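Work through these short exercises with the structure in view. Try each task before you read its solution.

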Amino acid sequence: MRDNSIFKQGLKELNIELTETQLEQFEVYYDMLVEKNKVMNLTAITEYEDVLIKHFLDSLSIVKTEKAKKLLFSSCCLIDVGTGAGFPGIPLKIAFPKIKVTLMDALNKRINFLNEVISALDLKDIEAVHGRGEELARKDQYRERFDLAVSRAVAKLNSLSELCIPFVKVGGLFVPYKSGSIDEELEEGKNALYKLGGRSTHVVKFTVPLSDYERSLIVVEKKSNTPAQFPRAGGKVFNKPL
Ligand code: SAM
């Protein structure tokens, strides 16, 4: 058995209590991640303690935002856009099993890996969907269906907002995980947030437990429906950000 005391210490700092079964699920997830990473590109971070801190604790650190925390303790519907190897969506599902999770990614290989993880961990009320956010957000089954949209390391705020906000119900939240100084990005993204029906309420800045990694979570509330023309097709989300 590996020594996961550093993980337990970080969880304590985040005020998250996990059962032995949940801790075991994180162990299995770690093993699957590192094993699959030998044959496909999932993560540059593979050392055990690094994964515990930079992937698992970082993903869970969204509880530092009170509004998102409240949703996670309910049976909310969460979407993780551009989830990659499952961050932050899988750690959130393990720690908050009542939530309903949709993991979305444009690369099918990653979706196949996530389906293996879901099955091995016996997770319920979770699906992994292959597709581009800007296309899936136009489908009725996903558009404005989620209480909480999260996304880490996918795009700058102006493009990311167009990918994510259309998924959120009016009254719901969009919380992108950002790092470093975000003042400029926030300024550049304000117009996009507004046009898509969102309002940035505040930014929660902190250091990820047991690291010197600076994290900023932007808390965006969805105030009105996203106009039907968004998200735009043909690469405009990235080439011509709002
Ligand atoms: N969120 C994960 C993390 O923090 O480790 C993965 C980050 S990875 C750098 C970016 C991921 O976003 C990739 O898996 C990529 O396939 C996905 N992605 C990029 N653009 C996308 C889009 N338009 N729709 C859905 N997924 C997208």
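**Exercise 1.** Find how many residues surround the ligand, and which are the closest.

*Solution.* This is a predicted model. Step one: count the shell. 16 residues surround the ligand. Step two: pick out the closest. They are G82, F87, D105, R110 and R152. Step three: sort the shell by type. It divides into six nonpolar, five polar and five charged residues.

**Exercise 2.** Find which ligand atoms the polar side-chain atoms of D105, R110 and E134 lie beside, and give each distance.

*Solution.* A polar contact needs two N or O atoms within 3.5 Å. Take D105: a polar atom of its side chain is 2.7 Å from a ligand oxygen. Next, R110: its side chain also places a polar atom 2.7 Å from an oxygen atom of the ligand. Last, E134: here the partner is a nitrogen atom of the ligand, at 2.9 Å. Now look at the ligand's surface. Taken alone, the ligand exposes 600 Å², and the protein buries 79% of that.

**Exercise 3.** Say which pocket holds the ligand.

*Solution.* The ligand sits in the largest pocket.

**Exercise 4.** Find how many salt bridges the model has, then explain what the pair R2 and E27 ties together.

*Solution.* Start with the principle. Side chains of opposite charge can pair when their charged atoms come close. The cut-off is 4 Å from nitrogen to carboxyl oxygen. By this rule there are 17 salt bridges. One joins the side chains of R2 and E27, at 2.8 Å from N to O. R2 lies in the segment before α1 (5–13) and E27 in helix α2 (residues 20–36), so this pair ties together parts 25 residues apart in sequence.

Definitions and conventions: Residues are numbered from 1 along each chain as its sequence is written. This is a predicted model: local features need pLDDT of at least 70, side-chain atom pairs count only at pLDDT 80 or more; totals for chains, interfaces and linings use all residues. Side-chain values use heavy atoms; hydrogens and water are left out. A residue is near a molecule or strand if one of its heavy atoms lies within 4 Å of it. A polar contact is a pair of N or O atoms within 3.5 Å; within protein, one must be able to donate a hydrogen and the other to accept it, and residues adjacent in sequence count only if both atoms are side-chain atoms. Accessible areas come from the Shrake-Rupley method with a 1.4 Å probe; for residues, only the protein chains shown count as cover. On a 1 Å grid over the protein atoms alone, a cavity is a set of points where a 1.4 Å probe fits but cannot get out, and a pocket is an open set with protein on both sides within 12 Å along at least five of seven lines; lining residues have an atom within 4 Å of a point. A molecule sits in a cavity or pocket if more than half of its atoms lie within 2 Å of its grid points. Ala, Val, Leu, Ile, Met, Phe, Trp, Tyr, Cys and Pro count as nonpolar, Asp, Glu, Lys and Arg as charged, and the others, Gly among them, as polar. Helices (H or I, at least four residues) and strands (E, at least two) are DSSP runs, numbered from the N terminus.
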